[in-house]
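Biologist: Please take me through this model step by step, and explain each term when it first comes up.

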Amino acid sequence: MIPILNLNPEIQQLRPEIDKAIARVIDSTEFIMGPEVIAFEKEAADYLGVKYALGVNSGTDALVIALRAAGINPGDEVITTPFSFFATAESIGMAGAKPVFVDVEESTYNIDPALIEQAITPHTKAIMPVHLYGRPCEMDAIIDIADRYNLKIIEDCAQSIGARYKGTQTGTIGQVGAYSFFPSKNLGAFGDGGLIATNDDETACQANKLRKHGAAKKYHNEILGYNSRLDSIQAAILRVKLPYINQWNESRRRAATRYNHLLRNVEGIITPQITDGHVIHQYSIRLTRANHNTIQAALKKQGIATMIYYPITQDRLPIYEGKYKQLPVSKKLGRQVLSLPISPSISEKDQQTVAQALIKSVGCGS
């Protein structure tokens, strides 16, 4: 079986360090907001190049808290992409605001900046770009619009830690960025975890309160907040893994380049562009002649796991049924995308096996 993601090589490589880190937390008995969390936050802030990095208990909470800390309130509108996991829109709703979906660029899978301005209303308060599959959005155009209309930018970096836009880390370009450490992410914990990054003093202050029941000081609750603290054991594990993130991201880029070469000029397959700063969280192709469900089933029979991200775009989910107009590019991508096995350790042999099986299946399924 070739899995969609193989974490075993990474874990085995770091197992002695990880075991020591976990034992260190157990011996300290400081399991909540202890020194491991403080140390990881400092190291993450240094890595990202920001003043503040605040650990929380999931990427979803990172988005919700980032929105509220940035001043998004009930009744506000936040422009975002429909082509993302539901946590993007869900977080906007959980902050009391309304998601406004703008279609994506066919070639990048990311929000189309050319369509943002026409979606702005008097209620619009922010733009939430999602750096999907680890590819940075076109931030210059988004910043230009945000500046002209006095809008906040909250970056969804759940899939893009380490990605750079013109040399700058994603998540540090807008007012605040939110990251996920779900185990399958490029930097994954051994459970849920998330991070909020910002250079803004007030945003950091509010986020710190919100993650701790709305209190900057214990028993002095000022606002309604959350119990959303990064677990000390997860922080210790992330401290072990963080120094390797650039190396792992570069390995992903090499693997994606190999896939692009193996799948070049195959009729019915469109391979993704590999741009500067792209960290290839998912290697997602487009199938233009064959049904992606059919191809997925055919590959599974040959022992190859794939994923479809995202067959139902956010605007068409049951929760929003009938509330949004059709967005044709996102809808088309939802019918075409297929993500192939990718990880820093994937072998060239496995990639050749995947490519050969895919080409054969597409030929039979066209």
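**Cavities, a helix and a sheet**

Biologist: By class, how many residues of each kind does the lining of the second largest cavity have?

Modeller: This is a predicted model, in which local features need pLDDT of at least 70 and side-chain atom pairs pLDDT 80 or more, while totals for chains, interfaces and linings use all residues. Residues are numbered from 1 along each chain, and side-chain values use heavy atoms, without hydrogens or water. The second largest cavity (a set of 1 Å grid points where a 1.4 Å probe fits but cannot get out, lined by residues with an atom within 4 Å of a point) is lined by Leu 5, Leu 7, Glu 10, Lys 185, Asn 186, Trp 248, Arg 252 and Pro 344. Counting Asp, Glu, Lys and Arg as charged, Ala, Val, Leu, Ile, Met, Phe, Trp, Tyr, Cys and Pro as nonpolar and the others as polar, this lining has four nonpolar, one polar and three charged residues.

Biologist: What volume does the largest cavity have?

Modeller: A search of the whole structure finds two cavities of 30 Å³ or more, and the second largest of them holds about 40 Å³ of space. With volume taken as the space filled by probe spheres set on the grid points, the largest cavity comes to about 70 Å³.

Biologist: Which charged residue lines the largest cavity?

Modeller: By class, this lining has five nonpolar, six polar and one charged residues. The residues in the lining are Ser 107, Thr 108, Tyr 109, Leu 132, Tyr 133, Pro 272, Gln 273, His 278, Gln 282, Tyr 283 and Ser 284, together with the charged one, Arg 135.

Biologist: How many of the residues of helix H3 are buried?

Modeller: Helix H3 (a DSSP run of H or I, at least four residues, numbered from the N terminus) spans residues 59–69 and is mostly covered. Among its buried residues (under 20% relative accessible area with a 1.4 Å probe) are Asp 61, Leu 63 and Ile 65. Just after H3, Gly 71 takes a positive phi of about 95°, while within the helix the buried count is nine of 11.

Biologist: Which residue in E11 stands opposite Ile 269?

Modeller: An open sheet of three strands (E runs of at least two residues) has the order E10-E11-E12, with antiparallel pairing, and its edge strands are E10 (269–270) and E12 (337–340), each pairing on one side only. Strands pair if DSSP finds at least two bridges between them, and two bridges join E10 to strand E11 (residues 283–287). Opposite Ile 269 in E11 stands Leu 287.

Technical notes. On a 1 Å grid over the protein atoms alone, a cavity is a set of points where a 1.4 Å probe fits but cannot get out, and a pocket is an open set with protein on both sides within 12 Å along at least five of seven lines; lining residues have an atom within 4 Å of a point. Buried means under 20% relative accessible area, exposed over 50%, partly exposed in between (1.4 Å probe, protein chains only).
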